[in-house]
Amino acid sequence: DADSTGSKNHLMLAKEIIESSKELWFPGISIKNDDYCNDIEDFRVRAKIPPTIEYIKARVVNCDSVLLEKKISSIVPDIMVTAKGRKCLIEVAVTHFVDEEKEQKIKEIGLPLFEIDLSNLYNSEFSREELAEEVLFNPSNRTWIFNPLYDNAKMWAKEQYSKFIQSAEEEVRRQDEKESVRAKKKQQRR
């Protein structure tokens with residue numbers, strides 16, 4: 001049917017673009033403070049803690065090799081790139097996104113995989129240049145489905161957030177002490 005050939009063409013073109021460019025924007029890994037700040041009562045402390053911290057910055061990666069639809073274990077990812085000796089899988093989503101079953105298989109394989117969401121281009125006219133820009137360098141259309149570094153990132157974030165919390169609490173305590181000293185002096189002057 002015409003719809004699926006449209007999305008197949010997007011997919012083939014996207015794969016070709018990555019294959020010929022060998023340059024690709026990889027998403028970073030950021031950890032939100034949600035899990036680490038739940039039991040903070042004082043809103044002043046909470047306000048001093050960054051909402052997210054970056055473990056790995058998003059960046060353009062030069063790929064040494066790009067393989068299309070190569071079977072790995074029990075899955076066939078759209079693309080597998082190798083950069084600096086490490087493999088990364090990429091799914092290009094136009095109408096079909098990675099489902100839970102595939103996500104589970106990816107975790108078992110243990111290779112990182114991110115998805116590039118091109119659904120906004122579905123049923124629209126665009127040039128090869130526009131598609132290339134979306135596929136290669138749009139930072140807002142890609143997300144990690146699985147990244148084995150995520151566990152390290154969480155451990156690191158726990159340490160970082162506890163430092164942030166500690167210093168924010170100390171800062172608030174110092175402010176409170178100053179206020180209290182000021183209030184006492186004011187009372188004495190009266």
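# A guided tour, stop by stop

Select Asp78 to begin: setting aside residues up to four places away in sequence, Asp78 touches Leu11, Lys15, Leu67, Leu68, Glu69, Ile90, Glu91 and Val92. Keep in mind as you go that this is a predicted model. Asp78 sits in the loop between strand 5 (65-68) and strand 6. Is Asp78 buried or exposed? With a relative accessibility of 9%, Asp78 counts as buried.

**Along strand 6**

Now move on to strand 6 itself, residues 79-83, and pick out Thr82 there. Thr82 is buried too, and its relative accessible area is 15%. Show the neighbours of Thr82 and you will find Cys63, Asp64, Ser65 and Lys87, again without counting residues up to four places away in sequence.

**Two cysteines**

One of those neighbours of Thr82 is Cys63, so it makes a good next selection. Cys63 is buried, at a relative accessible area of 6%. Add Cys88 to the view; this residue also counts as buried, at 4% relative accessibility. Why is there no bond between the sulfur of Cys88 and the closest cysteine sulfur, in Cys63? The two sulfurs are 8.3 Å apart, which is too far for a bond, because a disulfide needs cysteine sulfur atoms within 2.5 Å. Wherever else you look, the result holds: a search of the whole structure finds zero disulfides.

**The largest pocket**

Next, select Phe26, Arg59, Val61, Ala83 and Arg86, which lie nearest the centre of the largest pocket. A total of 20 residues line this pocket, and its volume is about 520 Å³. Which strand gives the most to the lining of the largest pocket? Colour strand 4 (59-62) to see it, since that strand contributes four residues. Strand 6 and strand 7 are worth colouring as well, as each of them supplies at least two residues of the lining. By residue type, the lining is made up of twelve nonpolar, three polar and five charged residues.

**The nonpolar cores**

Hide the pocket and turn to the largest nonpolar core, which has 24 residues. Which of its residues touch the most other members? Select Ile18, Leu24, Val81, Leu118 and Val135 to see them. Several elements each supply at least two residues of this core: helix 1 (2-21), strand 1 (23-26), strand 6, strand 7 (86-93), strand 8 (113-117) and helix 5 (128-137). Apart from this core lies another, of 14 residues; Ile29, Val45, Ile49 and Ile53 are among them.

**Finishing at helix 5**

Go back to Val135 and display its contacts. Leaving out residues up to four places away in sequence, Val135 touches Ala14, Ile17, Ile18, Leu24, Ile116, Leu118 and Arg142.

The last selection is Leu136, found in helix 5. Leu136 counts as buried, at 6% relative accessibility. Which residues is Leu136 in contact with, leaving aside its neighbours within four places in sequence? They are Ile17, Ile18, Ser21, Glu23, Leu24, Trp25 and Arg142. To end, draw a distance line from the C-alpha atom of Leu136 to that of Ile116: these residues are 20 residues apart along the chain, and the two atoms are separated by 9.2 Å.

Terms used
Residues numbered from 1 in each chain as written. Predicted model: local features only at pLDDT ≥ 70, side-chain atom pairs only at ≥ 80, totals over all residues. Heavy atoms only, no water. Buried < 20%, exposed > 50% of the residue type's maximum accessible area, 1.4 Å probe, protein only. Contact = heavy atoms within 4.5 Å. Core = buried A, V, L, I, M, F, W, Y, C linked by side-chain atoms within 4.5 Å. 1 Å grid on protein atoms, 1.4 Å probe; cavity = no way out; pocket = protein on both sides within 12 Å on 5 of 7 lines; lining within 4 Å. Points joined across faces, edges and corners; volume = space filled by probe spheres on them. Nonpolar A, V, L, I, M, F, W, Y, C, P; charged D, E, K, R; others polar.
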